[in-house]
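Take a first look at the structure below. Some questions and answers come after it.

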Amino acid sequence: MVAPAHRIHYTYAEYLTLEASSNVKHEYLDGQIYAMAGGTPEHAALAAAVIGLLFPELRRGRCRAYDADLRVRVPSTGLATYPDVTVVCGPIERDAQDEQAVTNPTLIVEVLSRSTEEYDRGDKFEHYKSLASLRQYVLVSHRERSVEVWTRDVDGDFTSAIARDGDVAHLASIGARLDVRELYEAAAEPGA
């Protein structure tokens, strides 16, 4: 693939103008705008199941779950993106340049897919790590019944734990739990 002779650099304001008029979501990073791929029905069902299972546990507390329509901005790196599920505890903090983007997620969930798994585990996670508010990052597998929970310790380092079918993923950052079997059964196609 040949690189373009002149790379177009978009301002964040130009990105926001595009987002306001587009029916497709885009990520923004380093002056570049990237169209986000649409998910499969299975991907959407897993993300919806996460929210559905967390909602009863969160509804009386100080944390609130949001779907992929919520934009998250990482001020230190400039990334603007739409995680599959975002949980914010306490009042939301909005980005100084973007009133529609939050900057203080407590927990982020990404449902993996073949096309995004490497990015979600790698570069995107590195961006998320710079969010001081982020306590846990959860990766929901598309291949097997498993949930990987990355938790920030007191030193700021992240360690992982994997919950498989029959296990419960502990989401201490938001005072909730996620039963892996229940998650995948909730996301299963009816009659399957």
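The questions below concern a predicted model.

Q: How much space lies in the largest pocket?
A: The model is predicted, and the value is computed from it. The space in the largest pocket comes to about 930 Å³.

Q: Which residues lie nearest the centre of the largest pocket?
A: The lining of this pocket counts 36 residues. Nearest its centre are Ala-37, Gly-38, Gly-39, Thr-40 and His-43.

Q: Which element gives the largest share of the lining of the largest pocket?
A: Strands S2 (32-35) and S9 (107-111) each supply at least two lining residues. So much is also true of helices H2 (41-58), H3 (117-121) and H5 (180-187). The largest share is 7 residues, and it comes from H2.

Q: How many residues of the lining of the largest pocket are charged?
A: Sort the lining by class. Nonpolar residues number 18 and polar residues 8. The charged residues number 10.

Q: Are H2 and H5 oblique or parallel to each other?
A: Their axes come within 8 Å. They cross at roughly 125 degrees. Angles from 65 to 115 degrees count as roughly perpendicular and those over 145 as roughly antiparallel, and this one fits neither range. H2 and H5 are therefore oblique.

Q: What class are 9 residues of the contact of H2 with H5?
A: On the H2 side are Ala-45, Leu-46, Ala-49, Val-50 and Leu-53. They meet Glu-182, Leu-183, Tyr-184, Ala-186 and Ala-187 in H5. In this contact 1 residue is charged, none is polar, and 9 are nonpolar.

Q: Is the crossing of H2 and H5 left-handed or right-handed?
A: The two axes cross at roughly 125 degrees. The hand of the crossing is right-handed.

Definitions and conventions
Residues numbered from 1 in each chain as written. Predicted model: local features only at pLDDT ≥ 70, side-chain atom pairs only at ≥ 80, totals over all residues. Heavy atoms only, no water. 1 Å grid on protein atoms, 1.4 Å probe; cavity = no way out; pocket = protein on both sides within 12 Å on 5 of 7 lines; lining within 4 Å. Points joined across faces, edges and corners; volume = space filled by probe spheres on them. Helix = DSSP H or I, 4+ residues; strand = E, 2+ residues; numbered from the N terminus. Nonpolar A, V, L, I, M, F, W, Y, C, P; charged D, E, K, R; others polar. Axes fitted to C-alpha atoms, helices over the stretch in contact; angles between N-to-C directions. Parallel < 35°, antiparallel > 145°, perpendicular 65-115°, else oblique. Left-handed = near helix turned anticlockwise from the far one by under 90°. Contact = heavy atoms within 4.5 Å.
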